[in-house]
Amino acid sequence: MQASIQTALDAVAPQDVAPFIRIEGVTKRFGTFTAVSSVTLDIKKGEIFALLGGSGCGKTTLLRMLAGFETPTEGRIFIDGQDMTGVPAYERPVHMMFQSYALFPHMTVEKNVAYGLKHERMTDAERKARVREMLELVQLTQFSHRKPHQISGGQRQRVALARALARQPKLLLLDEPLAALDKKLREHTQFELMDIQDKTGTTFMVVTHDQEEAMILSNRIAVMDKGEVKQVGTPTEIYEYPDSRFVAGFIGSITFFDGKVASVTGDTAMIEVPDFGGQVSARAIPGISAGQDITLALRPEKIAIGRTKPEGPNAIEGTVDDLGYFGKDSLYKVKLGSGKVLSVLSVNGRRVGEGERVADWEDRVWLSFDPGAAILLTQ
Amino acid sequence: MTELSATGPKTTRKAARRSGLARWFNRRGWSDITIATPYLWLLIFFLVPFLIVIAMSVATRTPTSPPFSFGGDHPLINTATYERLFSDSLYIRAFLTSIRNAAFATFLCLLIGYPMALGLTRVSKSWRNILLMLVILPFWTSFLLRVYAWMGLMGNNSWFNKLLTSAYNMMMPEEWALRSIQMMNTNFAVVLVTVYSYLPFMILPLYANLEKLDMTLNEAAEDLGSRPFRVFLDVTLPLSVPGIVAGGLLVFIPASGELIIPGLVGNPSQPMIGRVIQDEFASARDWPMASAVAVALLLLLVVPMMLYTYFDAKAHEKKAMEP
């Protein structure tokens with residue numbers, strides 16, 4: 001089962017390419033503090049790869065090691081088969097788009113974009129053509145003679161992108177590329193970034209703390225915590241098939257239940273969950289056996305809510321403790337018999353009048369979920 | 001809602017209570033006086049004395065006390081002093097010597113101070129404070145004492161001079177051998193002591209400027225293929241121009257009017273402008289000439305000052321435009 005999902009997901013990501021960037025057992029220590037702890041990652045050519053994690057998880061340190069600003073304490077980094085150990089930042093085929101953009105304030109947009117090109121062996125005409133091409137790519141041709149302080153934040157971000165792409169790097173590093181933009185501009189820029197990546201075919205590595213940004217932008221995500229890579233996978237894999245409580249909890253909202261495996265038959269496992277006051281069925285994961293402690297996790301949108309007891313195996317009764325109406329959907333906080341509160345997100349598929357809601361405060365409701373919707377976690 | 005209505009009358013009561021003393025303090029007049037104070041200060045202690053000096057410079061020298069008068073046999077505004085100032089090579093040479101020495105000293109201060117200021121921004125915070133203390137430390141000793149110390153070092157019979165002389169004699173052919181190196185009473189000595197005395201005035205504004213520079217700009221330049229020295233030329237140096245200008249003016253302006261250093265270690269046959277002013281006032285009792293020299297010196301210094309203010313205003317304007 002797991003294998004067939006994997007193949008289906010692989011079809012989404014660019015395949016039949018050997019690892020283009022290889023991070024091999026990289027560790028970085030600052031004094032006694034371990035910022036990055038034996039990280040091994042393979043990144044394919046032309047991929048948008050995201051490093052996702054909270055602040056202090058080591059994602060920025062990893063990025064800086066790729067750029068050459070920090071040296072790994074242990075391990076090696078290969079880019080296009082070339083060992084980067086001892087290669088200074090100015091000789092790496094890697095360019096970075098800084099979070100603050102780091103545009104040179106004393107240079108015009110044009111000069112900023114042309115900056116990296118002065119180290120390239122090319123004629124003035126070629127250089128000019130490349131700068132024009134880059135400015136056209138980010139649609140800033142008419143601003144070429146402005147200084148960075150004379151253009152807007154979104155435009156500055158595009159100058160930074162053009163500057164980093166001008167030398168045609170093998171790998172482009174983007175440090176929180178959208179963090180400094182307002183919400184409306186972010187959405188627009190997200191798709192623009194993907195479009196530009198598609199046009200140039202450059203391998204992108206995005207560092208972000210924003211799960212939505214990572215999900216929309218990238219082909220694959222590495223979720224990091226305390227210097228370690230917790231899970232690597234496509235956005236779907238990370239969201240639907242997390243393999244640890246940390247990843248499941250970091251991406252989206254989720255409710256965890258402690259349980260015990262009662263029995264395993266084929267690909268169905270019966271889980272004894274004290275909070276539900278009985279057994280529920282879930283899709284088994286490899287390597288579990290009866291009697292084992294396990295965590296069952298449920299995402300709010302995967303649970304159905306109703307007033308009557310539904311058919312099927314996984315039905316739990318509870319009381320609506322709180323509810324929030326968001327227009328397109330409603331969030332119910334349902335208190336189970338054990339006192340545990342469970343979040344349920346229900347799409348408001350049809351128009352309802354006041355008092356006609358599925359459930360109201362203090363109402364008795366029935367919850368149900370598909371065995372495939374429950375996530376089983378052993379760690 | 002009830003809370004809102006309760007605060008209503010309270011604030012009005014407060015406002016009523018504020019009416020007496022508070023209102024008197026809040027009167028517009030007070031803010032005007034606050035703003036006017038520094039201008040008043042400048043008017044009384046700079047503009048008025050300066051006008052007196054200008055007036056003296058166009059007066060006529062007389063053997064009376066004070067040794068000048070207006071009118072009499074001469075025109076009320078006597079330009080003869082200025083004519084003498086611009087025709088007598090003594091004054092022109094004094095100006096040139098002053099400016100040359102001050103320019104050399106400023107340049108050397110920049111050459112020595114820039115790496116020091118840059119170094120200060122690149123060391124750890126705890127080291128930075130210690131090193132900054134060391135930069136300012138010489139100020140804790142009397143300026144005059146420090147100049148005397150240099151005199152002791154440079155004198156022909158000092159151990160320092162003997163050390164330098166023997167090092168020189170070892171390296172040079174015998175026929176060029178010297179008994180001592182003449183350092184005292186030369187322009188070299190003036191420049192040396194000026195550089196020593198004014199170095200902190202170069203380092204501190206440069207440090208303030210360099211410390212504010214965004215290090216990610218350096219990383220960006222390095223990332224785009226520039227070696228560290230290229231990064232310095234392309235990013236750090238152009239962005240530190242305001243600091244260079246500020247430090248340069250802080251050294252050049254006082255150095256060109258310097259009286260004590262050339263007086264103690266300088267060449268007496270090549271007086272600097274400060275010496276000339278003092279001599280005209282005290283020895284020659286030619287107050288109009290002393291005033292005219294002072295006015296000329298001031299004009300010479302005001303021009304670079306105005307240029308600096310212009311650059312500074314432009315830089316601020318640039319910053320203000322950034323969101």
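## Exercises on a predicted two-chain model

B:Phe50 is found in helix α3 of chain B, which runs over residues 28-57, and the model that holds this residue is a predicted one.

**Exercise 1.** Decide whether B:Phe50 counts as buried, exposed or partly exposed, and state what distance separates its C-alpha atom from that of B:Arg27.

*Solution.* Begin with the neighbour count, which for B:Phe50 is 13 C-beta atoms inside 10 Å. A residue is buried at 20 or more such neighbours and exposed at 12 or fewer, so B:Phe50, with its 13, is classed as partly exposed. Turning to the distance, B:Phe50 and B:Arg27 are 23 residues apart along the chain, and their C-alpha atoms are separated by 34 Å.

**Exercise 2.** Describe the side of chain B that touches chain A, asking which element gives the largest share of it and how its residues divide by class.

*Solution.* The first step is to set out the contact itself, to which chain B brings 17 residues and chain A brings 16 residues. Next, the elements of chain B that give two or more residues to this side are α10 (215-223), α11 (228-239) and α15 (287-321). Of the side of chain B that touches chain A, the largest share, 6 residues, comes from α10(B). Finally, sorting this side by class gives 7 nonpolar, 3 polar and 7 charged residues.

**Exercise 3.** Characterise the fold of chain A, and locate within it the span that carries a UniProt domain annotation.

*Solution.* Start with the secondary structure, for which chain A has 9 helices and 20 strands. The C-alpha trace of chain A extends over about 75 × 50 × 40 Å along its principal axes, and of its 379 residues 37% are buried. Among the contacts in chain A with a separation of 6 or more, 66% join residues 24 or more positions apart. The annotation "domain: ABC transporter", which comes from an unreviewed UniProt entry, covers residues 21-251 of chain A; this span is 34% helix and 27% strand, and its end C-alpha atoms lie 25 Å apart.

**Exercise 4.** Establish which part of chain B has pLDDT under 50, and report the confidence values given for chain B and for the complex.

*Solution.* For chain B the mean pLDDT is 87, with 91% of its residues at 70 or more. Over residues 1-11 of chain B, however, pLDDT stays under 50, and the model has 0 contacts beyond four places in sequence for them. Where pLDDT is low, predicted coordinates should not be read in detail. For the complex, the predictor gives an ipTM of 0.82 and a pTM of 0.79.

Technical notes
Residues numbered from 1 in each chain as written. Chains lettered and ligands numbered in written order. Predicted model: local features only at pLDDT ≥ 70, side-chain atom pairs only at ≥ 80, totals over all residues. UniProt positions renumbered as here; feature names shortened; annotations may be inferred. Helix = DSSP H or I, 4+ residues; strand = E, 2+ residues; numbered from the N terminus. Contact = placed C-beta atoms within 7 Å. Nonpolar A, V, L, I, M, F, W, Y, C, P; charged D, E, K, R; others polar. pLDDT = per-residue confidence, 0-100.
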